[in-house]
Amino acid sequence: MRSKSFSLCINSAYIAICIAVCFILVNIASGLVVSPKLLSHEVQIRDVAASFALPIIGGFCFFILPFIISIAYKEVLSNGQNCGLSLSQSTKLACQIKNIPRKVLIICVVGGFLMMFSYFYSEHLFFVEDLSDEENLIRYPLILQAWWMWTGIFLSISVILRNTKIIDKFIVEYLTVELFRNQHRYPFAKAVFWNALFFSIGISLVPLFWIGGEPLFKDFLLAMTILLILINLTFYPLISIRQIKSSTFETLKAANQYEWHVSQVTTQISFEKLTPHERDLILSDAQSLNESSPKRWTNLCLLVMRVSILIAIPFFTWSIFKLLNNSLFLVQI
């Protein structure tokens, strides 16, 4: 298993920071980072933005991943034991989050190279004829940095969506009504929120590419569309849990009017793990849940507020960037 997989520890995050700082220092030392007012070619102005955007976005992707994986790992481990699984079973499930198949990394590296190559080739950025050989030469480190950034982006999206798939599979196969004892908390809510927050902050960093210029409206629409799709995918497990929770309590209340027949109840609810006393407790929880509509409204408002914050972060950062970009010396006169 280990020979075909790899893991990202907290040290990986600090290494990513060091690499990003080194890239920025190389760009400064090579002379790429100067005021766009001193540059005459559009490509050189774009290179100034890329000198910061490529290392920062790539560093952010590699930096945040170990923390995202750690949160999801702990959630699966604790919820597995709460569902009645043994420590070894829970650990085995959680290790699916921690141990990432090497083929995922290979695909991301190849995909990052293809994305970098196609973009540089389509934009004629490998060699700009209007620039001298020396000016073209100092731009070459940006090729490596673009490859590094796109690899980080693909790896981040792949790992988070893979974690979401594993969590959703856990919900379908192992989720039991015991996890619903806490009326106002959903399992895996913390992992889901941090995944969505990662995507929101990542989209917020896109304006770094527009230093010295104006953001394009089509780019804004594309970025927001991608953000909404990714947030919807990451929140899918919570939607599944909500549906299961609702159907579980409805089935429990209906079954309470008759004798408990395990064969007549859906296996997904795992009634075979419940004693009559536990069933009474859960029915009591269900009754209490139905009688606490203000609490439900509070939880709904909290969820809506969190989603609104995730969507508002890019709007806020993009607005701040536009103000700074228009007020500082970066705007050409």
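The following dialogue introduces the reading of a predicted model.

Me: Which secondary structure elements make up the protein, and in what order do the elements run from the N terminus on?

Reply: The secondary structure comes to 11 helices and two strands. From the N terminus on, the order is β-α-α-α-β-α-α-α-α-α-α-α-α.

Me: How should contacts along the sequence be read, and what percentage of them join residues at least 24 apart?

Reply: One takes the contacts between residues at least 6 apart in sequence and asks how many join residues at least 24 apart; in this protein, 84% do.

Me: How many of the residues are buried, and what is the accessible surface?

Reply: Of the 333 residues in the protein, 44% are buried. The accessible surface comes to about 18300 Å², and carbon and sulfur atoms account for 66% of that surface.

Me: Where should one look for nonpolar side chains in the interior, and which residues have the most contacts inside the largest nonpolar core?

Reply: In soluble globular proteins, nonpolar side chains tend to be buried together. Here the largest nonpolar core has 42 residues, and I57, F198 and F235 have the most contacts inside it. The elements giving two or more residues to this core are α2 (42-82), α4, α6, α7, α8 (217-234) and α11 (293-327). Helix α2 gives the most, with 10 residues. A second, separate core has 31 residues, including L65, A72, V76 and V159.

Me: What does F198 touch, leaving aside residues up to four places away in sequence?

Reply: F198 touches F60, C61, I64, I68, S156 and I160. F198 is also among the buried residues of helix α7.

Me: How is a helix such as α7 to be read, and which of its residues are buried?

Reply: An α-helix has 3.6 residues a turn, so residues three or four places apart point the same way. Helix α7 spans residues 189-204, and its 16 residues reach 23 Å from the first C-alpha to the last, close to the 22 Å expected. Its buried residues are A189, A191, V192, N195, A196, L197, F198, F199, S200, I203 and S204.

Me: Which nonpolar residues form a patch on the surface, and which helix gives the most to the patch?

Reply: The patch consists of I106, V110, F113, L114, F117, Y121, L144 and W147, with about 800 Å² of accessible area together. Helices α4 (102-122) and α6 (141-174) each supply at least two of its residues, and α4 gives the most, with six.

Me: Why is W147 classed as partly exposed?

Reply: Partly exposed lies between the cut-offs of 20% and 50% relative accessible area. W147, found in helix α6, is partly exposed because its relative accessible area is 30%.

Key: Residues are numbered from 1 along each chain as its sequence is written. This is a predicted model: local features need pLDDT of at least 70, side-chain atom pairs count only at pLDDT 80 or more; totals for chains, interfaces and linings use all residues. Side-chain values use heavy atoms; hydrogens and water are left out. Helices (H or I, at least four residues) and strands (E, at least two) are DSSP runs, numbered from the N terminus. The expected span of a helix is 1.5 Å times one less than its number of residues. Buried means under 20% relative accessible area, exposed over 50%, partly exposed in between (1.4 Å probe, protein chains only). Patches are made of residues with over 30% relative accessible area and no salt bridge: like charges are joined within 9 Å, nonpolar side chains (Val, Leu, Ile, Met, Phe, Trp, Tyr) within 5 Å. Accessible areas come from the Shrake-Rupley method with a 1.4 Å probe; for residues, only the protein chains shown count as cover. A salt bridge is a side-chain nitrogen of Lys or Arg within 4 Å of a carboxyl oxygen of Asp or Glu. Contact means heavy atoms within 4.5 Å. A nonpolar core is a set of buried Ala, Val, Leu, Ile, Met, Phe, Trp, Tyr and Cys residues joined through side-chain atoms within 4.5 Å.
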